[in-house]
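Hi everyone, thanks for making room for me today. I'd like to walk you through one structure, so please have the sequence and the picture open while I talk.

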Amino acid sequence: LFKSIIAMCIQRFRPGAIVLQCGADSLTQDRLGKFNLTVKGHAECVKFVRAFNIPLMVLGGGGYTIRNVARCWAFETGTCLGVEESMPTAIPVNDYIEYYAPNYELHLDADPTFENLNTPQTLDKLRIRALEHLREMEHVPGVGFSQCPGDFFDRDTAAHDKDDRRMYTVGWE
């Protein structure tokens with residue numbers, strides 16, 4: 001779902017930058033989340049968006065099992081830097097090493113007892129519906145604006161001060 005929908009969003013809206021919020025509550029073993037993503041699966045989303053070569057700001061958020069949030073953000077930082085393949089899998093000895101027991105590893109295995117209730121048919125219907133909605137949305141505008149609405153700034157006051165005049169003109173070339 002993620003790759004096809006994000007690819008369509010980027011194609012339709014052609015963003016100049018992307019802010020990607022990477023909540024870790026979708027990780028396996030999260031206390032509140034009901035998903036079963038591995039750290040590698042989670043980071044694959046970051047890797048996919050990074051591959052578009054559009055300026056990217058990655059934000060953390062969510063995640064209620066702190067040891068797994070730290071694992072996720074460490075690996076996603078490596079993914080943002082393009083060094084994920086060379087990162088060691090063992091958690092280095094540190095003051096909080098006991099949080100990472102029993103395996104002291106960066107990566108988590110998905111829970112094999114976690115039942116996936118999403119059928120391929122349901123996921124395909126969701127993907128098709130999301131893509132249809134995106135096709136119906138207004139795409140990248142063809143004409144940018146060059147001036148803010150007339151009542152946005154007091155132009156009589158701004159006309160007297162050269163520095164203030166620049167505030168009411170917004171332009172792209």
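Let's begin with a cysteine. Cys 80 has a relative accessibility of 33%, so it counts as partly exposed. A word of caution before I go on: what you are looking at is a predicted model.

Now, does Cys 80 stand alone, or is it joined to a partner? The structure holds zero disulfides. Cys 80 is in none, and the nearest cysteine sulfur, which belongs to Cys 22, is 7.1 Å away. A disulfide would need the two sulfur atoms within 2.5 Å, so 7.1 Å does not qualify. And how does Cys 22 sit, buried or exposed? Cys 22 is buried, with a relative accessible area of 6%.

Let me step back and give you the overall layout. The protein chain has six helices and two strands. If you start at the N terminus and follow along, the elements run α-β-α-β-α-α-α-α. The chain has 173 residues, and 25% of them count as buried.

Next, find the two strands. Strand 1 and strand 2, the latter covering residues 56-61, pair in the parallel sense over six bridges. To get from strand 1 to strand 2, the chain passes through helix 2, residues 39-50, and this β-α-β crossover is right-handed. If you want a landmark in the pairing, look at Leu 20, which stands opposite Val 58 in strand 2.

While you are there, look for Val 19. Val 19 lies in strand 1, which covers residues 18-23. Is Val 19 buried or exposed? Val 19 is exposed, because its relative accessible area is 57%. Val 19 also has company: together with Met 57 and Leu 59 it forms a nonpolar patch on the surface, and the accessible area of the three comes to about 280 Å².

Now for the charged residues. Side chains of opposite charge can pair when their charged atoms come close. How many salt bridges do we count here? The count comes to four.

Take Lys 3 and Glu 44. They form a salt bridge, and their closest N and O atoms are 3.3 Å apart. Lys 3 sits in helix 1, residues 2-13, while Glu 44 sits in helix 2, so this pair ties together parts that are 41 residues apart in sequence. Lys 3 counts as partly exposed, at 39% relative accessibility, and Glu 44 is partly exposed too, with a relative accessible area of 32%.

Move along to Lys 47 and Glu 84, whose side chains meet in a salt bridge at 3.6 Å, N to O. This pair also links distant parts of the chain: Lys 47 is in helix 2, Glu 84 is in the loop between helix 3 and helix 4, and the two are 37 residues apart. Their surroundings make a nice contrast, since Lys 47 is partly exposed at 31% relative accessible area, whereas Glu 84 is buried at 9%.

Another salt bridge joins the side chains of Asp 124 and Arg 127, at 2.7 Å from N to O. Where do these two sit relative to each other? They are three residues apart in helix 4, so about one helical turn separates them. Asp 124 is partly exposed, with a relative accessible area of 35%, and Arg 127 is partly exposed as well, with 27%. Back at Lys 47, there is a bit more to see: salt bridges that share partners join Lys 47, Arg 50 and Glu 84 into one network.

Before I finish, here are some backbone details to hunt for. The peptide bond from Ala 101 to Pro 102 is cis, with omega near 10 degrees. You will find Pro 102 in the loop between helix 3 and helix 4. Tyr 104 is in the loop between helix 3 and helix 4 as well. Phi of Tyr 104 is near 55 degrees, which is a positive value in a residue other than glycine. Tyr 104 is partly exposed, with a relative accessible area of 27%.

Arg 14 also has a positive phi without being a glycine, with a value near 40 degrees. Look for Arg 14 in the loop between helix 1 and strand 1. At 60% relative accessibility, Arg 14 counts as exposed.

That's my tour. Thanks for listening, and I'm happy to take questions!

Methods:
Residues are numbered from 1 along each chain as its sequence is written. This is a predicted model: local features need pLDDT of at least 70, side-chain atom pairs count only at pLDDT 80 or more; totals for chains, interfaces and linings use all residues. Side-chain values use heavy atoms; hydrogens and water are left out. Patches are made of residues with over 30% relative accessible area and no salt bridge: like charges are joined within 9 Å, nonpolar side chains (Val, Leu, Ile, Met, Phe, Trp, Tyr) within 5 Å. Accessible areas come from the Shrake-Rupley method with a 1.4 Å probe; for residues, only the protein chains shown count as cover. Helices (H or I, at least four residues) and strands (E, at least two) are DSSP runs, numbered from the N terminus. Buried means under 20% relative accessible area, exposed over 50%, partly exposed in between (1.4 Å probe, protein chains only). Two strands pair if DSSP finds at least two bridges between them. A crossover is right-handed if, with the strands pointing away from the viewer, the path from the first strand over the helix to the second runs clockwise.
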